[in-house]
Amino acid sequence: MPGIERSGAARDAAAPADWRPGAAGPLRDPVPLLPDTAPVRVIGTPAAAGADPETARLLHRSLVRGRRFNEQATALARQGRLAVYPSSAGQEACQAVAAAVLRPGDWLFPTYRDTLAVHLRGVPAAQSLALLRGGEHGGWDPRRWRTAPLCTPLATHLPHAVGLAHAARLRGDDVVALALVGDGGTSEGDFHEALTFAGVLRAPVVFLVQNNQFAISVPLARQNAAPSIAHKAVGYGVAGRLVDGNDVLAAHQVVGDAVARARSGAGPVLVEAVTYRTDPHTNADDPRRYRSDAELAAWRAHDPVELAEDHLRAAGLLDEETAAAAAEAAERTAAEQRAAFPDTPPPGGPEGLFTHVYARPTAQLREQAAAARAGAAATPREVPA
């Protein structure tokens, strides 16, 4: 296996390495690893005629649910029923596809903005949004849902995804890890480390970069000088793919093919989905400071929900009954969100912060727990400033 040293007689009998430092020529031909010069599109092109009708309907249903999910979660944050909400409005196609292309046994590694993908994977709203209300331990059982906890530090979950995928392959499990990350996360060292290990180990992992144009307020042009983020893949020996992230059919095709490639043993894939965050970075952000109304309007004209509906109508697949069923499913999701987060504050005290940190609490942890209990028992006047 390339990149893994074997021991004993197996190592001695191994064939010579395919490459060595200083050898003439690249490790492999870079051409198959390079992305297309323009993002792959399906909707509005001749390729749309070949799209599977049932898949198109299911994806549209997820988009409608997703838009309502974002609207309701944003409202909950404004009402103080969530502490914060990083909306994925405008990026619903990426979220829907991430949930749709995985098998039940695969693993999803989300960022803090990917609660919709988590929910579409089956995690109840009360659990998928729990961390954003201050819930304990991420909100759900990762093993049950094969979904890692929301990752708030940028890109730190990417090496974890590579490690899990590699370990699964060593065990003989037919598992793919799909790791979501934003364009800002690709500027972190963890991104480089994850791509390095994925390429060397040929791990069955797919990195789906949701390029929503801004890392909070920092535009992509101030983070990346490459032709695209997808072009970075070739430097790691990883296949790069570039897709219109608002075209749900194109994203489903490209990410689905990437997952199939990784599962087959052909190596990891970096997919850059070009999309746009139409809502603020979080409910505490004011995007008017760093982007124009004209830019926002241009991207709203390329809205993923409307693009999918245009395709369905053109194909004769969106009648009143289908549209009503999608809207009803979306309202059930919103009702689930409202019921999960009432006006009353969540129960419990600070003790839960110290549970499951260590199997045997350290002296420092016991001291901190005691101080937290004392602070919680004190009246407001007695709490140190």
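In which helix does alanine 260 lie? In this predicted model, alanine 260 belongs to helix H9, which spans residues 248-264.

**Figure 1. Overview of the predicted protein chain.** The protein chain contains 13 helices and seven strands. Of its 385 residues, 46% are buried. Among contacts with a separation of 6 or more, 77% are made by residues 24 or more positions apart. The exposed area of the protein chain is about 19,100 Å², of which carbon and sulfur atoms supply 55%.

**Figure 2. Alanine 260 in helix H9.** With a relative accessibility of 46%, alanine 260 counts as partly exposed. Its C-alpha lies 9.7 Å from the C-alpha of leucine 102, although alanine 260 and leucine 102 are 158 residues apart in sequence.

**Figure 3. The salt bridge between aspartate 106 and arginine 263.** The closest N and O atoms of aspartate 106 and arginine 263 are 2.7 Å apart. This pair links distant parts of the chain, with aspartate 106 in the loop between H3 and strand S1 (107-109) and arginine 263 in helix H9, 157 residues apart. Aspartate 106 is buried at a relative accessible area of 0%, and arginine 263 is buried at 17%. Both residues belong to a network of salt bridges that links Arg103, Asp106, Asp174 and Arg263.

**Figure 4. Helix H2 and the loop that leads to H3.** Helix H2 (residues 53-78) comprises 26 residues and reaches 38 Å from its first C-alpha to its last, close to the 38 Å expected at 1.5 Å a residue. Glycine 80 follows H2 and has a positive phi, near 80°. In the loop between H2 and H3, arginine 81 forms a salt bridge with aspartate 343 at 3.5 Å, N to O. Aspartate 343 is in the loop between helix H12 (320-340) and helix H13 (363-377), and the two partners are 262 residues apart. Arginine 81 is buried, at 14% relative accessible area, whereas aspartate 343 is exposed, at 66%.

**Figure 5. The surroundings of glutamate 92 in helix H3.** Glutamate 92 lies in helix H3, which covers residues 92-100, and is buried at 0% relative accessibility. Its side chain reaches the backbone nitrogen of glycine 90 at 2.8 Å. Apart from neighbours within four places in sequence, glutamate 92 is in contact with Leu63, Gly66, Arg67, Asn70, Leu116 and Pro304.

**Figure 6. Aromatic pairs.** The structure holds four aromatic pairs. The ring centres of tryptophan 107 and phenylalanine 109 are 6.1 Å apart with the planes at 35°, so this pair is tilted. Tryptophan 107 is buried at a relative accessible area of 11%, and phenylalanine 109 is buried at 5%. Phenylalanine 214 and tyrosine 276 form an edge-to-face pair, 6.5 Å centre to centre with 75° between the planes. Phenylalanine 214 lies in strand S4 (residues 214-215) and tyrosine 276 in the loop between strand S7 (269-274) and helix H10 (293-300), so the pair ties together parts that are 62 residues apart in sequence. Both phenylalanine 214 and tyrosine 276 are buried. Ring pairs link Phe214, Tyr276, Tyr290 and Trp299 into a cluster.

**Figure 7. The salt bridge between arginine 289 and aspartate 285.** The closest N and O atoms of arginine 289 and aspartate 285 are 3.4 Å apart. Arginine 289 is exposed, with a relative accessible area of 59%, whereas aspartate 285 is buried at 13% relative accessibility. The structure has 15 salt bridges.

Methods
Residues numbered from 1 in each chain as written. Predicted model: local features only at pLDDT ≥ 70, side-chain atom pairs only at ≥ 80, totals over all residues. Heavy atoms only, no water. Phe/Tyr/Trp six-rings, centres within 6.5 Å; stacked < 30°, edge-to-face > 60°. Buried < 20%, exposed > 50% of the residue type's maximum accessible area, 1.4 Å probe, protein only. Helix = DSSP H or I, 4+ residues; strand = E, 2+ residues; numbered from the N terminus. Polar contact = N/O pair within 3.5 Å; in protein donor to acceptor, adjacent residues only side chain to side chain. Contact = heavy atoms within 4.5 Å. Areas by Shrake-Rupley, 256 points an atom, 1.4 Å probe, with all protein chains shown as cover. Expected span 1.5 Å × (residues − 1). Salt bridge = Lys/Arg side-chain N within 4 Å of Asp/Glu carboxyl O.
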